[in-house]
Amino acid sequence: MPTFQTSPGMRDILPPESARWRRLHNIFADTVEAAGYGQVMTPLIEDIGVFTRIGDATDVVTKEMYDFHDKGDRHVSLRPELTASVCRAFAEHRPITPWKVWYAGPNFRYEKPQRGRFRQFDQVGVEVLGVDDADLDVEVIALAWEFYRALGLQQVNLIVNSLGEPEDRQAYVDALRSHFEAVGDGLTEQSRVTLAKNPLRVLDSKREPDAEHIASAPTIADFHSAEAAAHFAKVQAGLDALGIPFTVEPKLVRGLDYYRRTIFEFQGLTLDSAQNALGGGGRYDGLVEALGGPATAGIGFALGVDRTLLACDDEGVFESAPRVLDAFVVDVTGGAAAVELTAELRSAGLAADRGFENRSMKAQMKLANRSGATHAVIIGADELADGTAIVKPMSRDAGDQQTIPRSDVVAHLQQKTER
Ligand code: AMP
């Protein structure tokens, strides 16, 4: 028989680890819903054009898409990110602005798998469409910050930059091109390829020979218009007012070609530098328009769940803690009593599991132990005959076992567990 494993870069997430994922999603949802964001759910598959609009100078679009022709011969792709899908949804439905939404879910990129880099990876994020105000940039950054705090992460660096207005950015791109062209063969071959497509992205190179040329490159701040500089100053003042520490990183750029003004990234200080981006985002213009909608200001962020959890592991915070069962029903009289009692416990809001296959007392008690339940509820032949059950606390210091009427078991456990 053939055996199968997950594809490279894809993983199974098993319990109890999966419970941690759900808790993370819940914490994120609570954080952003409390700020007026509603959940948007878009399909995993979109027309390839939705993603090629992100920009053809990014590896995400040129090399890493899971694209294929469906049975109707439509050229489609699994989504590599969610901003483009959200903008497509906005252009399609034209909701009233400001449109404040959040999302959570998997994305797909055909990358080289390594620690913190997968081919299917999960993100949580927000997007706001229709508001052009620096205070919103502050709100959006603060939400991500608050989320990391809620998880218990401490070793997170926030870096910010402004790409200026589109004209500032264009002037900067021209200056960068001249700078890097003058360097010629001093740049790595990959960076020379990038230079031909998008000089900004050369700044992203982590290759050693490029470092000195990046360090001596012009910085965007020298190209900021008065308006862009004022916007950026307001963002910084807002972060200061909220006590959120940050560093201005003048060489920070981001993948999407549409970014303008504020961009930001969160770095996990415990992670290797090549994979230390926990998440990031920024302001973008033109994406909704490129997807057939009206000209609309946008800002958002996406945070990588996989990497965030690796950072939690490194810091020893936000550990997996599955819900503890209140009761494990052990019925050695055939199972009919367990069917009823387990259902009763569950409908009273208690967490309950049971043994199956009418296994021996010893075998079922072993299961009860392994389940981590705080109590075993035992029904043997005597209890079945008298309509009673034995309630046995599973930890030694939690008192002695008691035999009580079956009809009192729910109330008894509710009292013990304060549910
Ligand atoms: P991006 O959409 O490229 O700005 O990525 C935002 C965040 O998603 C990154 O900072 C990572 O935390 C996460 N991320 C991106 N690509 C991957 C990947 N291949 N595997 C795991 N996480 C990823």
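Mentor: Two strands are said to pair if DSSP finds at least two bridges between them. Strands themselves are DSSP runs of E with at least two residues, helices are runs of H or I with at least four, and both are numbered from the N terminus. The model is predicted, with local features needing pLDDT of at least 70, side-chain atom pairs counting only at pLDDT 80 or more, and totals for chains, interfaces and linings using all residues. Residues are numbered from 1 along each chain as its sequence is written, and side-chain values use heavy atoms, with hydrogens and water left out.

Trainee: Why are β12 and β14 said to pair?

Mentor: Strand β12 (residues 327–331) and β14 are joined by five bridges in the parallel sense, and the criterion asks for at least two, so they pair. One of these bridges links A327 to H375 of β14.

Trainee: What makes β14 and β15 a pair, and in which sense do they run?

Mentor: Four bridges connect β14 (residues 375–379) with β15 (residues 388–393), and the two run antiparallel. Within β15, P393 stands opposite H375, while I390 stands opposite I378.

Trainee: Which strands of this sheet are called edge strands, and why?

Mentor: The open sheet has five strands in the order β13-β12-β14-β15-β16, with mixed pairing. Its edges are β13 (352–354) and β16 (402–405); each has a single partner strand, so one side of each has no neighbour in the sheet. On average, neighbouring strands here are turned by 30 degrees against each other, direction ignored. The axes behind that angle are lines fitted to C-alpha atoms, for helices over the stretch in contact, and angles run from 0 to 180 degrees between N-to-C directions.

Trainee: What makes β14 a mostly covered strand?

Mentor: Five of its five residues are buried, a term for a relative accessible area under 20%, whereas exposed means over 50% and partly exposed lies in between (1.4 Å probe, protein chains only). H375, V377 and I379 point one way from β14 and A376 and I378 the other way, and all of them are buried.

Trainee: How do you know that β7 is mostly covered, and which strands does it pair with?

Mentor: Six of the seven residues of β7 (156–162) are buried. β7 runs antiparallel to β9 (residues 259–268), with seven bridges between them, and N161 stands opposite I263 there. With β8 (residues 247–248), β7 pairs in the parallel sense over two bridges; V160 and V248 are opposite each other.

Trainee: Why is the sheet containing β2, β4 and β3 called open, and where are its edges?

Mentor: The order is β2-β4-β3, with antiparallel pairing. β2 (45–47) and β3 (67–69) each have a single partner strand, so one side of each is left without a neighbour in the sheet. From one strand to the next, the twist averages 35 degrees. Three bridges join β2 to β4 (residues 75–78), and S77 is the bridge partner of E46.

Trainee: Why are Y172 and S205 classed as they are, buried or exposed?

Mentor: Y172, in helix α6 (residues 166–183), has a relative accessible area of 1% and is therefore buried. S205, in the loop between α8 (199–202) and α9 (208–215), has 14% and is buried as well.

Trainee: What makes the approach of S205 to R207 a polar contact?

Mentor: The side chain of S205 reaches the backbone nitrogen of R207 at 3.0 Å. A polar contact is a pair of N or O atoms within 3.5 Å; within protein, one must be able to donate a hydrogen and the other to accept it, and residues adjacent in sequence count only if both atoms are side-chain atoms.

Trainee: Which residues are counted around the ligand, and what contacts does R254 make with it?

Mentor: The shell holds 14 residues, the closest being R109, E111, F118, R254 and A277; a residue is near if one of its heavy atoms lies within 4 Å. A polar side-chain atom of R254 lies 2.6 Å from a ligand oxygen atom, and polar backbone atoms of A277 and L278 lie 2.9 Å and 3.0 Å from a ligand oxygen atom, respectively. Taken alone the ligand exposes 480 Å², of which the protein buries 87%; accessible areas come from the Shrake-Rupley method with a 1.4 Å probe, and for residues only the protein chains shown count as cover.

Trainee: Which strand supplies the largest share of that shell?

Mentor: β10 supplies three residues, the largest share.
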